[in-house]
Amino acid sequence: MEAPAGGVDDMTKLSYLHEPGVLENLKSRYELNEIYTYTGNILIAINPFQRLPHIYDGHMMQQYKGAPFGELSPHVFAVADVAYRNRAMVNEGKSNSILVSGESGAGKTETTKMLMRYLAYLGGRAATEGRTVEQQVLESNPVLEAFGNAKTVRNNNSSRFGKFVEIQFDKHGRISGAAIRTYLLERSRVCQVNDPERNYHCFYLLCAAPQEEIEKYKLDHPKTFHYLNQSKCFELVGVSDAHDYLATRRAMDIVGISAKEQEAIFRVVAAILHLGNIVFTKGKEVDSSVPKDEKAKFHLKTTAELLMCDAVALEDALCKRVMITPEEVIKRSLDPQSAAISRDGLAKTIYSRLFDWNFVMLHLCMNLYRLVDKINNSIGQDPTSKCLIGVLDIYGFESFKTNSFEQFCINFTNEKLQQHFNQHVFKMEQEEYTKEQINWSYIEFVDNQDVLDLIEKKPGGIIALLDEACMFPKSTHETFSNKLYQTFKSHKRFIKPKLSRTDFTISHYAGEVQYQSDQFLDKNKDYVVAEHQELLGASKCQFVAGLFPPPPEETSKSSKFSSIGSRFKLQLQSLMETLNSTEPHYIRCVKPNNLLKPAIFENVNIMQQLRCGGVLEAIRISCAGYPTRRAFFEFINRFGLLAPEALEGNYDEKVACQRIMEKKGLKGFQIGKTKVFLRAGQMAELDARRAEVLNNAAKIIQRRVLTHVTRKRFIALRKAVISIQALCRGDSFSIFMQARWRCHRAASYYKRLKRGAIVSQTRWRGRVARKELRKLKMEARETGALKEAKNKLEKQVEELTWRLQLEKRMRTDLEEAKVQETAKFQSSLEELQKKLEEANAAIAKEKEVAKQAIEEAPPVVQETQVIVQDTEKIDSLNAEVDNLKVSIEHVVVQ
Ligand SMILES: Nc1ncnc2c1ncn2[C@@H]1O[C@H](COP(=O)(O)OP(=O)(O)OP(=O)(O)O)[C@@H](O)[C@H]1O
């Protein structure tokens, strides 16, 4: 069977179960935002890195409520629904657990939240009854996240602890209580933060609290605190610490943490920040230390105030150690470096105690039980009803460049869970085969019991050796590593790396991991320094004192020693006991890329995660074993139609099943005592054959029905036609005669009509033609008259042209005569001009002569006469010139 384009929703439906096929199937589904896929009963969830609200809304919850597993698309709700219904079916006998795993950022916490929301939806009460219990269950998340989550390079909201949420139900399926167990908080983060990561969210939330709280706790910007400013990342994109502070406070209210306790919790958080700012310098005595300056003293004083303990005692507890020898009690000073280590140790202890106080669990349980009492009293139920669904959200397998004690513990947890998974998938499977008495050979699977022995065996395991090393004051990580090398020289899961003298490698089920042992001893030590214990146990604040209860007195010295490793081992043991008593359901979260972005599917990365999560192994077992099984009755009911003859004989169910399988040529199946066991893909094949048989049967039925209906219609039609024909044939001759006569009559009428029409057409056409002729003739006549008029006009034009030329010639002659006359006048004018000039010259000469004569002549009277005569002469000449000028101008104008 070929995989459809959009992929198959259950990997076991793939006919070829190999790595590329599995990967391709997940990829094609992821491209369509189908983030969930089954592998048998395991749900694979690929982080979409984008909100897909439509797949988690109320409508979806309603759809999945009570729907049979596998009927709807794969979903976390379907897994929760199975767990819920199992709980109801087993009727308080058996609990269920849902194990969510995957690497950091794969979506475990989000998946857990969805599971809790869905369970709260299933087990919630009507709004009128009050919703406190579900609300408390859901609101525990923000509280836990504020104190246990931090930004890391792999996830902006990474849970730095594991958690097991138990949701308890009463026999009516209603939530009656809840408890949260937490595991292995990452303590080192409190004092040491790598750039660009952050410390736990609560520190930044408190620094963004309302002003009066900032003043009360003497806080400032996170950059002023040593425990926060080792990284330059103070804010998260898209997150408001001020808003989250108020939200956390509200969630704490809902969970049931009183205002007084909340005040104490945040006071302790502030105290840790101040504690980190106490810097030490060398004291007066050798190897002693004191607070460095006024600032350090201020922080010391504030820490003491907030923890409500004595400031001097606090300084002593940080800078001195009391040594009890058999002879005496010695007080020893610590150098500044040791004092700083002591300070950081105290900060880590206070914070982890605060977290381990399990305030959520404590309060949730107390309140719920009180509430359950109240509810149960009112409806008369047993308040101790203990049917639960546990949801485990725990860190996945980790393998980095440097792997320390945390990775060791995390991988130890994963080995444990892998064994549980193996036991469930393999051992249970094989137990079933034995119970059904079928022939089978053990399926090979990688059993990791040897790795677990290597880590936790007592005595002699790594944890035991580490504890031993921690108890010897002179041990170092070198001596510890050497001890490991010697003890596990020939262990096939333990490797001594060639290039290191202190590292060690463990061959885990998911691959080899090389651990750096240098901080193993420090990180494993869990004992609280007696001075710290004494100091805080005596705090005037009840809450702080409660975090440091006095150790039980009767404990001997050796049993007094406690280590993180062994405590964790015990916690895990208890968790495994709980899990073993439940019906497990597995959800494997997968992180599709390291860029934390949607729609990017990194093949190699995902393949590695599927291997680590045991998904491929589970698929392999499915291939190797018998993943599908059906009770005989069910099988015959469904597939009996494939071999009807097998049911006809008087065979018992078992033989009938065998015959059906044989008839279909299937091989490799097994018939047990009550069930048929099928190999991977055989169920799909049988289903396909069944669909084929049903299809063929449907086709035959359709064909028969169609033939029947058509034949019936044909018969009816034929009958009708025959009756009509018979009816018609009865008087056909008289109809023929009538038709002939009518035809003849019509033909003669037609001929007459035609002739008449031709005659009248001819006459009419003749008349029209004559009229036309007349008109043409008249027009011809009119044309002749016009031609005559035209000739006349042409002649007139000719005459006029001739006259015009004549006139032109005359005019030219006239102009020539005029020019000649003008030239004549011009020459006479020039002549006159000349004469005038001569006259003027003569006058001038005469004037000269007259002047001379005047000069010479004595009498005055004579002189006057001459002048008068001359003047008259001049005037007359001037008048003549003027006349000439006028006449010339006149000629020119003409
Ligand atoms: N179903 C989902 N829908 C939308 N976004 C999701 C979903 N699951 C995960 N995410 C996104 O991936 C981020 C990381 O998921 P989550 O915190 O659940 O990872 P985790 O496996 O719990 O990591 P860690 O181990 O570090 O706590 C979330 O903050 C969210 O943005």
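**Helix 27.** I started with helix 27 (residues 653-663), taking helices as DSSP runs of H or I of at least four residues and strands as E runs of at least two, numbered from the N terminus. Its buried residues are Ala-656, Cys-657, Ile-660 and Met-661; buried means 20 or more other C-beta atoms within 10 Å of the residue's own, exposed 12 or fewer, partly exposed in between, with C-beta atoms placed from the backbone. They cover an arc of only 135° around the axis, so they sit on the same side of helix 27. I take the arc from the directions that run from the helix axis to the C-beta atoms. The buried residues pack against helix 25 (632-639), helix 26 (644-648), strand 18 (670-671) and strand 19 (675-678). Just after helix 27, Gly-665 has a positive phi of about 70°.

**Ground rules.** The model is predicted, so I note that local features need pLDDT of at least 70 and side-chain atom pairs 80 or more, while totals for chains, interfaces and linings use all residues. Numbering runs from 1 along each chain as its sequence is written.

**Helix 23.** Next I looked up helix 23 (residues 603-612), where Ile-606, Gln-609, Leu-610 and Cys-612 are buried. Seen down the axis, they fall within an arc of 165°, so they line one face of the helix. Gly-614 follows helix 23, with a positive phi near 75°.

**Helix 1 on helix 23.** The axes of helix 1 (residues 19-31) and helix 23 come within 11 Å and cross at roughly 110°. That makes the two roughly perpendicular, a word I keep for angles of 65 to 115 degrees. On helix 1 the contact uses Glu-19, Val-22, Leu-23 and Leu-26, and on helix 23 Asn-603, Ile-606, Met-607 and Leu-610; contact means C-beta atoms, placed from the backbone, within 7 Å. I get 6 nonpolar, 1 polar and 1 charged residue there.

**Backbone oddities.** Which peptide bonds did I find to be cis? One runs from Asp-195 to Pro-196, with omega near 5°, and Pro-196 lies in the loop between strand 7 (175-183) and helix 6 (201-207). Another joins Lys-458 and Pro-459, omega about -5°, in the loop between helix 15 (449-456) and helix 16 (462-471).

I also noted positive phi outside glycine. Asp-287 has about 55° and is partly exposed, with 13 other C-beta atoms within 10 Å. Ala-599 is near 65°; this residue is in the loop between strand 16 (582-590) and helix 23, and is exposed, with 12 such neighbours.

Technical notes. Axes fitted to C-alpha atoms, helices over the stretch in contact; angles between N-to-C directions. Parallel < 35°, antiparallel > 145°, perpendicular 65-115°, else oblique. Contact = placed C-beta atoms within 7 Å. Nonpolar A, V, L, I, M, F, W, Y, C, P; charged D, E, K, R; others polar.
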